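This report walks through one protein chain, from its aromatic residues to its charged pairs and its overall make-up. Please keep the sequence and the structure in view while reading.

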Amino acid sequence: MIANLVQLAAETEQNPLVPEKPELLVGTIAFAIVFFFFWKKLLPNINKVLEERRAAIEGGIEEADAMKVEAASVLEQYKAQLAEARHEAARLRQEAQEQGAALIAEMRAEGQRQREEIVTAGHAQIEADRKAAAQTLRQDVGKLATELAGKLVGESLEDHARQSRVIDRFLDELEEKAEATR
């Protein structure tokens, strides 16, 4: 049987790569139908899908670019607000330091004024106490001196006017001597 097939093939001597004319005609018609179907139905749908994808990609790129520009704008606004907030914080710190320094200076001035008042009042009190002590001392010294002089003389020196004059003169002499030694 194989021998018969080989003999048949040798008789026809046809090239297996070149089809016969009726097969070629049927194949060409089938190819034209399939090509026409692809060209009319599938190709527009494929082009439509490709166009939609291209538009979506371009829209996405444009949207991404717009978002990038917007993000850069927002970043610049944020940086400006941050710089402004830092500037405001520095200004508030400076203001607080100035107010603190002014308050400290005011408190020092008030403390100095109160100290001066206290010192002045203290000096006045000391002067008043010194005068009262001197007056009391004059009276006591005068009284003692009069009694002592009365005992030495042997008679009473009860005359108040004379007693005051003697005491005053004695104390004035003592004060003059004390001032001269200073």
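In which helix does Trp-39 lie? Trp-39 lies in helix α2, and the model in which this is seen is a predicted one.

**Aromatic residues and the nonpolar patch**

With a relative accessibility of 46%, Trp-39 counts as partly exposed, because exposed is reserved for values over 50% and buried for values under 20%. Together with Phe-31, Phe-35, Phe-36 and Leu-43, Trp-39 forms a nonpolar patch on the surface, and the accessible area of these residues together is about 580 Å². Trp-39 also has a charged partner, since the charged end of Lys-40 sits over the ring of Trp-39, at 4.9 Å from the centre of that ring.

Across the whole structure, the search for aromatic pairs finds 3. One of them joins Phe-31 and Phe-35, whose rings are stacked, with 6.2 Å from centre to centre and 20° between the planes. These two residues, Phe-31 and Phe-35, are both in helix α2 and stand 4 residues apart, about one turn of the helix. Phe-31 and Phe-35 are both exposed, whereas Trp-39, a member of the patch that they share, is partly exposed.

**Salt bridges**

Side chains of opposite charge can pair when their charged atoms come close. In this model the count of salt bridges comes to 8, and the table gives three of the pairs with their N to O distances.

| Residue | Partner | N to O distance |
|---|---|---|
| Arg-91 | Glu-95 | 2.6 Å |
| Arg-113 | Glu-110 | 2.4 Å |
| Arg-115 | Glu-116 | 3.0 Å |

Arg-91 and Glu-95 both belong to helix α2, which spans residues 21-153, and are placed 4 residues apart, about one turn of the helix. Arg-91 is partly exposed at 35% relative accessibility, and Glu-95 is likewise partly exposed at 33%.

For Arg-113 and Glu-110 the spacing is 3 residues in helix α2, so about one helical turn separates them. Their relative accessibilities are 38% for Arg-113 and 29% for Glu-110, and because values between 20% and 50% count as partly exposed, Arg-113 is partly exposed and so is Glu-110.

In the pair of Arg-115 and Glu-116, the side chains meet in a salt bridge; Arg-115 is partly exposed with a relative accessible area of 43%, and Glu-116 is partly exposed at 36%. Elsewhere, salt bridges link Glu-51, Arg-54 and Glu-58 in a network.

**The chain as a whole and its confidence**

The secondary structure of the protein chain consists of 3 helices and 0 strands, and the order of elements from the N terminus is α-α-α. Of its 182 residues, 4% count as buried. The area that the chain exposes is about 16,400 Å², of which carbon and sulfur atoms supply 63%.

The mean pLDDT of the chain is 83, and 81% of the residues score at least 70. Helix α2 has the highest mean pLDDT among the elements, at 88, while helix α1 (residues 2-12) has the lowest, at 61. Where pLDDT is low, the predicted coordinates should not be read in detail. Among the features described above, Trp-39, the stacked pair of Phe-31 and Phe-35, and the salt-bridged residues Arg-91 and Glu-95 lie in helix α2, the element with the highest mean pLDDT.

Notes:
Residues numbered from 1 in each chain as written. Predicted model: local features only at pLDDT ≥ 70, side-chain atom pairs only at ≥ 80, totals over all residues. Heavy atoms only, no water. Salt bridge = Lys/Arg side-chain N within 4 Å of Asp/Glu carboxyl O. Buried < 20%, exposed > 50% of the residue type's maximum accessible area, 1.4 Å probe, protein only. Areas by Shrake-Rupley, 256 points an atom, 1.4 Å probe, with all protein chains shown as cover. pLDDT = per-residue confidence, 0-100. Patch = residues over 30% accessible without salt bridge, like charges linked within 9 Å, V, L, I, M, F, W, Y side chains within 5 Å. Phe/Tyr/Trp six-rings, centres within 6.5 Å; stacked < 30°, edge-to-face > 60°. Lys NZ or Arg CZ within 6 Å of the ring centre and 35° of its normal.
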